[in-house]
Amino acid sequence: MTDTDREAALSEIRAAVAQLCARYGEDYWRKLDSGQGYPTEFVAEMTEAGFLGALIPEEYGGTGLGLLEACAILEEISRRGAHAGACHAQLYVMGVILRHGSAAQKAEWLPKIASGEIRLQSFGVTEPTTGTDTTALKTTARLEGDRWIVNGQKVWISRVQHSDLMVLLARTRPFDPKRKTEGLSAFLVDLREARGRGLEVRPIDAMINHHACELFFDDLAIPAENLIGEEGGGWPVILTGMNAERILIAAECVGDGRYFLDRASAYAKERVVFGRPIGANQGVAFPLARAHADVEAAALMVERAANLYEAGRPCGAEANMAKLLAAEASWKAGDAAMQTFGGFAFSKEYHVERKFRETRLYQIAPISTNLILSFLAEKVLGLPRSF
């Protein structure tokens with residue numbers, strides 16, 4: 001496919017997603033936000049349209065698209081005022097199974113995920129005592145016969161109550177400070193069987209409707225065949241998901257940024273104060289123009305990172321830079337939009353405050369800005385390690 005053909009295909013995807021989102025509207029998302037509801041109908045329709053199976057090869061019932069197309073899907077959801085967090089994990093976790101799953105695991109799960117029979121919406125990594133120090137996690141899994149027995153705790157694990165499967169990272173060998181990334185293993189957990197049988201799920205009451213939960217594992221038994229990749233080799237497995245996650249979340253942020261700019265620019269043209277549109281004032285126009293430049297620059301880094309990922313080339317630096325730049329650009333665009341709308345920005349009727357809360361998350365998750373800067377300083381610039 002030529003670059004021109006692919007760009008045309010991406011435009012068609014964006015148009016189709018926009019059309020689907022238009023059938024719901026922002027009032028739908030405002031109502032869900034106020035009641036911490038899950039967009040079951042929206043997710044089902046996205047699945048039926050093939051968007052949530054975008055990365056699954058056609059031989060398993062998916063649409064066989066690339067990460068760039070997945071980025072376009074999430075970007076457009078966000079741009080239309082919807083909440084992409086309700087369905088994004090199925091795209092970024094998918095790489096774990098596609099690249100590291102066994103033939104049996106792919107044959108068993110991918111067709112069911114593509115059809116919507118089951119949902120893969122959770123990524124169990126973060127823990128309350130270790131946070132982003134992932135290699136120090138304390139959740140353990142020990143092999144007993146044909147089962148892995150899991151004990152430990154996870155926090156800020158989203159959509160567990162609305163997912164059938166979860167990719168879980170646990171330590172299967174004792175921690176070695178000289179080999180921090182060794183001894184970790186990745187597993188596919190069937191949540192339908194795990195709930196109440198060694199897994200307790202506690203929802204977290206949070207400022208955004210992200211369906212985050214705290215998980216407690218008490219001798220949870222996982223079939224041995226649910227190990228993804230090699231025992232003790234879970235770190236590269238999980239990095240596959242993390243790099244895809246950063247790139248796709250960055251695409252969402254680009255969508256958020258464009259949402260804010262679309263809304264604020266339209267409002268600045270029609271809102272008249274002192275006899276002229278407020279957009280005629282440089283104090284209103286310049287922050288929006290600056291935000292536009294930042295969002296477009298971030299979009300280019302997202303595209304670069306996605307292309308590297310698709311080619312199977314190292315993309316850790318680019319994935320992190322895409323997430324850093326896009327998260328900051330969307331936040332600045334949101335701030336400019338809030339200032340443009342003035343007091344009305346705080347009215348839920350205008351929806352801007354909801355999106356403002358949603359995009360703020362990405363300064364912190366799935367990895368904080370400071371951790372990205374630390375990674376770039378050490379791994380890219382060759383500066384001394386700071387911790």
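Select Val 43 to begin; this residue is placed in helix H3, where helices (H or I, at least four residues) and strands (E, at least two) are DSSP runs numbered from the N terminus. Val 43 is buried, with a relative accessible area of 1%; buried means under 20% relative accessible area, exposed over 50% and partly exposed in between, with a 1.4 Å probe and protein chains only. Leaving aside neighbours within four places in sequence, display the residues in contact with Val 43: Tyr 38, Leu 52, Ala 86, Cys 87 and Arg 119. Contact here means heavy atoms within 4.5 Å. A distance label from Val 43 to Glu 358 joins C-alpha atoms separated by 18 Å, for residues 315 apart along the chain.

The model on screen is predicted: local features need pLDDT of at least 70, side-chain atom pairs count only at pLDDT 80 or more, and totals for chains, interfaces and linings use all residues. Residues are numbered from 1 along each chain as its sequence is written, and side-chain values use heavy atoms, with hydrogens and water left out.

**The whole chain**

Zoom out to the full protein, which has 13 helices and 10 strands. Its radius of gyration is 21 Å, close to the 21 Å that the globule rule gives for 387 residues, so the protein is as compact as a globular protein of that length. The radius is taken over C-alpha atoms, and the rule is 2.2 Å times the number of residues to the power 0.38. Along the principal axes, the C-alpha atoms fill a box of roughly 80 × 50 × 45 Å. Of the 387 residues, 53% count as buried. Among contacts between residues at least 6 apart in sequence, 74% join residues at least 24 apart.

Turn on the surface next. The accessible surface comes to about 17200 Å², of which 52% belongs to carbon and sulfur atoms; the areas come from the Shrake-Rupley method with a 1.4 Å probe, and for residues only the protein chains shown count as cover.

**The nonpolar cores**

Now hide the surface and select Phe 42, Ile 77, Leu 120, Val 167 and Ile 247, the residues with the most contacts inside the largest nonpolar core, which has 100 residues. A nonpolar core is a set of buried Ala, Val, Leu, Ile, Met, Phe, Trp, Tyr and Cys residues joined through side-chain atoms within 4.5 Å. Helix H9 (residues 234-270) gives the most to this core, with 18 residues. Apart from this core lies another, of 19 residues, among them Ala 141, Val 189, Leu 215 and Ile 222. In soluble globular proteins, nonpolar side chains tend to be buried together.

Centre the view on Val 167. Beyond its neighbours within four places in sequence, Val 167 has contacts that include Val 93, Val 96, Leu 120, Phe 123, Phe 187, Ile 228 and Ile 238.

**Helix H11 and the loop before H13**

Select Ser 330 in helix H11 (residues 316-341). At 0% relative accessibility, Ser 330 counts as buried. With neighbours within four places in sequence left aside, Ser 330 is in contact with Cys 253, Asp 256, Gly 257, Phe 260 and Thr 359.

Proceed to Pro 366, in the loop between helix H12 (352-360) and helix H13 (369-380). The peptide bond from Ala 365 to Pro 366 is cis, with omega near -5°. Pro 366 counts as partly exposed, at 27% relative accessibility. Outside the four places on either side in sequence, Pro 366 is in contact with Glu 245, Ile 249 and Lys 323. From Pro 366 to Ile 249 the C-alpha distance is 8.3 Å, across 117 residues in sequence.

**Two positive phi values**

Most residues other than glycine have a negative phi, and most peptide bonds are trans. Select Gln 36, in the loop between helix H2 (26-35) and helix H3 (40-48); the phi of Gln 36 is near 55°. Gln 36 is partly exposed, with a relative accessible area of 35%. Then select Arg 159, in the loop between strand S3 (147-158) and strand S4 (165-171). Arg 159 has a positive phi of about 65°, and this residue is buried, with a relative accessible area of 3%.

**Last stop**

Finish at Phe 175, in the loop between S4 and strand S5 (184-190). Phe 175 is partly exposed, with a relative accessible area of 40%. Not counting residues up to four places away in sequence, Phe 175 touches Thr 135, Ala 136 and Lys 180. The C-alpha atoms of Phe 175 and Thr 135 are 8.3 Å apart, with their positions 40 residues apart in sequence.
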